[in-house]
Amino acid sequence: MNVAAHQACALFKDTSGKKMKGVRSDTQPPSRRGRRRIVADRVRTQPDDPAAMVIEANRHDELFRAADGSPDPSVVKSAHRVLRIFEYFAEIERPAAMTEIARRLNYPPSSTSALLKSLVELGYLDHDRQARTYRPTVRIALLGGWLTSERLPGVTLDAITRELHEATRLTTFVVARNQLYSQYIRVLQGTTPVRYYLEPGARRLLTHSTPGRVFLSLMNNEDARRIVQRINAEEAPSSAVRFGDIQHALATIRRQGFAYTRDMGTPGLSAIAMRLTESDQTPPLVVTVAGPSSIVSAEAKAIVGKMRELVERQSPGLLPQIDIDAAPIET
């Protein structure tokens, strides 16, 4: 087990009384009261592995924006809450009671109840009166059907992430670019003995995330330089990254077709990210796996091979030709 992971962790308890482990943030307080308990409760541990160590990733610096943190003043609060409810159902993949949703998203019960009732009336949720639970209806799935056929013909994000997740057991996620950030739009949590929890909907600056560097590599150097300068000026002046310091890494990503990082954002965490879609037809998507550095480094070639298989199946000829026997280069 990675030494840095041990040093970064502190004990949790979930509502069932089982002990779990997660990150203690000594440089930044939790975004809300009880944050660590809520996150521990949301992580689905394997019943045959009650001793799993769960580490909450990416929250220890100013470069991260939580999906459930304070939204931008321009964001309508009720709209933000409705979409977070939908994202929560996508994360847990089961019905949930109003009290659970309110507690785990840290929303007032009264407004949560009103939102859920409205969504039932509009046909986006079903309500089981006997069990007192809610679940999404097919209407939500149909909303994005046209995007699925446009972006990923013949395959779905769910199928890709599940196949990659089953093959690696690592935290597996699809990322979209949201202005100066990478945003995690689909996440399957890892199932290894040491696993890293990643919050769906959260964002991290392009310069400080593995998939973010893939997005930057898809630009020419001048466009990438302008984005880096904007990030340094507007979002992360105290953690500025000079373009010259990452230019070589971007060239390597273009050449080998993926980014491979260690300890970026979270000690003991390694990640491999690869573009998933064409960038000239739709905004590009990036698929990423992340987990303990000891596992990723030992299995890097196999992980890259599986990712290339999935991407080639989806978008033949998208990735550059490489020597499949060559060791992946960290970027």
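**A walk through a predicted model**

Hello everyone, let me begin with one residue: R132 is exposed, with a relative accessible area of 64%. Before I go on, please keep in mind that this is a predicted model.

So where does R132 sit? You will find R132 in the loop between β6 and β7. Its backbone deserves a look too, since R132 is not a glycine and yet has a positive phi, near 60 degrees. As background, most residues other than glycine have a negative phi. The two strands on either side make a hairpin, with four residues between them, and R132 takes its positive phi in that hairpin.

Let me stay with those strands for a moment. β6 and β7 are antiparallel and are held by four bridges. In one of the facing positions, L125 is opposite P136 in β7. Which strands make up the open sheet here, and in what order? There are three, in the order β5-β7-β6, with antiparallel pairing. Each of the edge strands, β5 at 96–97 and β6 at 125–128, pairs on one side only. On the β5 side, two bridges connect β5 with β7, which covers residues 133–136. You can pick out both positions on screen: A96 faces Y134 in β7, and A97 has T133 as its bridge partner.

There is another residue with an unexpected backbone angle. N106 is not a glycine, but its phi is positive, about 60 degrees. N106 belongs to the loop between α4, residues 98–105, and α5. Is N106 buried, partly exposed or exposed? Its relative accessibility is 41%, so N106 counts as partly exposed.

Now let me step back to the whole chain. The protein has 331 residues, and 50% of them count as buried. Its secondary structure consists of twelve helices and 14 strands. Looking at contacts with a separation of 6 or more, 63% of them are between residues 24 or more positions apart. The protein exposes about 16,200 Å², and carbon and sulfur atoms supply 52% of that area.

Next, the aromatic rings. How many aromatic pairs does the structure hold? It holds two. In one, F86 and Y124 have ring centres 6.2 Å apart and planes at 50 degrees, so the pair is tilted. F86 is in helix α3, residues 77–92, while Y124 is in the loop between α5 (109–121) and β6, so this pair ties together parts that are 38 residues apart in sequence. Both F86 and Y124 are buried.

The other pair is F173 with Y184, and this one is edge-to-face, at 5.4 Å centre to centre with 85 degrees between the planes. F173 lies in strand β8, residues 171–178, and Y184 in strand β9, residues 181–188, so the pair ties together parts eleven residues apart in sequence. Why do these two count as buried? Because F173 has a relative accessibility of 5%, and Y184 has one of 2%, while the cut-off for buried is under 20%.

Rings also meet charges in this model. R81 lies over the face of Y107, 4.9 Å from the ring centre. In a similar spirit, the charged end of R203 is placed over the ring of Y181, at 4.7 Å from its centre.

That brings me to the interior. In soluble globular proteins, nonpolar side chains tend to be buried together. Here, the largest nonpolar core has 37 residues, and those with the most contacts inside it are F173, Y184, L205, L216, I227, I246 and L250. So the edge-to-face pair from a minute ago, F173 and Y184, turns up again in this list. If you click on L205 and set aside its neighbours within four places in sequence, you will see that it contacts L63, L180, Y181, I231, E235 and A236. Y181 is the residue whose ring has R203 over it. Apart from this core lies another one, of 22 residues, including F258, I272, I303 and M307.

To close, here are three places to revisit on the screen. Look at R132 in the loop between β6 and β7, then at F173 and Y184 with their edge-to-face rings, and then at L205 among the residues with the most contacts in the largest nonpolar core. Thanks for listening!

Note on methods. Residues numbered from 1 in each chain as written. Predicted model: local features only at pLDDT ≥ 70, side-chain atom pairs only at ≥ 80, totals over all residues. Heavy atoms only, no water. Buried < 20%, exposed > 50% of the residue type's maximum accessible area, 1.4 Å probe, protein only. Contact = heavy atoms within 4.5 Å. Areas by Shrake-Rupley, 256 points an atom, 1.4 Å probe, with all protein chains shown as cover. Pairing = 2+ DSSP bridges. Phe/Tyr/Trp six-rings, centres within 6.5 Å; stacked < 30°, edge-to-face > 60°. Lys NZ or Arg CZ within 6 Å of the ring centre and 35° of its normal. Core = buried A, V, L, I, M, F, W, Y, C linked by side-chain atoms within 4.5 Å.
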